[in-house]
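Hi,

Here is the structure I promised to pass on to you. Have a look at it first, and then read my notes underneath.

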Amino acid sequence: MTFTFSFGQQNLNADTATPKNEPIESISSLGAYPNPLTVKSKINFTSSTSQSVVFSVKNILGKVVYSEKLEAKTGLNSILFNRNNSPQGMYIYSIQTDNEIVSKRLIIK
C-alpha cells in the first residue's frame, strides 16, 4: 500500500507578481540511499546557505526515533543514518531549518 501526501497553498491575489514575506526554500534534493535500507543509509541534501538544521527520523505514529542537530554547509551535505535497533517498517525522515521542514519516506527492511 502506498500513501502520498501533498501540501499546497494558493495565492488568491492574482495581482501580486512576486510573493511577499514568504521564506525562500533553502533545502533541496533530499534523498536517501539505499532506501529501503537494512543496516544504514546515506541521507543527502543540498543547502543554499550555511545554516543549522535538525535531522530527525519518526515512526509512522509520529514518535521521534532519532534526532541530530548539525551545521549544513552551502552545497551538498550527507548524513549517515544507522538503523540501530529500529524495527522494520516505514519511517519519515526530515531536515528542518528555521524556515522550513522537508520530509521524505524511509523504509527499514
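Below is what I found, going from the whole chain to its sheets and then to its core.

Please keep in mind that this is a predicted model. The protein chain has 7 strands and 0 helices, so if you follow the elements from the N terminus on, you will read β-β-β-β-β-β-β. Of the 109 residues, 28% are buried. The accessible surface comes to about 8,000 Å², and carbon and sulfur atoms hold 51% of that.

How are the strands arranged? Let's take the sheets one at a time.

One open sheet is made of 4 strands in the order E4-E3-E6-E7, with antiparallel pairing. At its edges stand strand E4 (64-72) and strand E7 (101-108); each has a single partner strand, so one side of each lacks a neighbour in the sheet. On average, neighbouring strands here are turned by 20° against each other, if direction is ignored. To see one pairing in detail, look at strand E3 (residues 51-59), which runs antiparallel to E4 and is joined to it by 8 bridges. Gln-51, for example, has Ala-72 in E4 as its bridge partner.

The other open sheet I want to show you has 3 strands, ordered E1-E2-E5, and its pairing is antiparallel too. E1 and E5 are the edge strands, each pairing on one side only. Neighbouring strands of this sheet are also turned by 20° against each other on average, direction ignored. Between E2 and E5, which run antiparallel, there are 8 bridges; in E5, Ser-78 is the bridge partner of Asn-44.

If pairing is new to you, a general point may help: strands of a sheet pair through backbone hydrogen bonds, either parallel or antiparallel.

Now for the inside. Which residues have the most contacts within the largest nonpolar core? They are Ile-43, Phe-45, Phe-55, Phe-81, Tyr-93 and Ile-95, and the core has 18 residues. Strands from both sheets take part: E1 (27-33), E2 (40-47), E3, E4, E5 (75-82), E6 (89-96) and E7 each supply at least two residues of this core.

Phe-81 is a good residue to click on. Leaving aside neighbours within four places in sequence, Phe-81 is in contact with several residues, among them Leu-37, Ile-43, Phe-55, Tyr-66, Leu-106 and Ile-108. Across the chain, 54% of the contacts with a separation of 6 or more are between residues 24 or more positions apart.

Enjoy exploring!

Best wishes

Key
Residues numbered from 1 in each chain as written. Predicted model: local features only at pLDDT ≥ 70, side-chain atom pairs only at ≥ 80, totals over all residues. Heavy atoms only, no water. Pairing = 2+ DSSP bridges. Axes fitted to C-alpha atoms, helices over the stretch in contact; angles between N-to-C directions. Buried < 20%, exposed > 50% of the residue type's maximum accessible area, 1.4 Å probe, protein only. Contact = heavy atoms within 4.5 Å. Areas by Shrake-Rupley, 256 points an atom, 1.4 Å probe, with all protein chains shown as cover. Core = buried A, V, L, I, M, F, W, Y, C linked by side-chain atoms within 4.5 Å.
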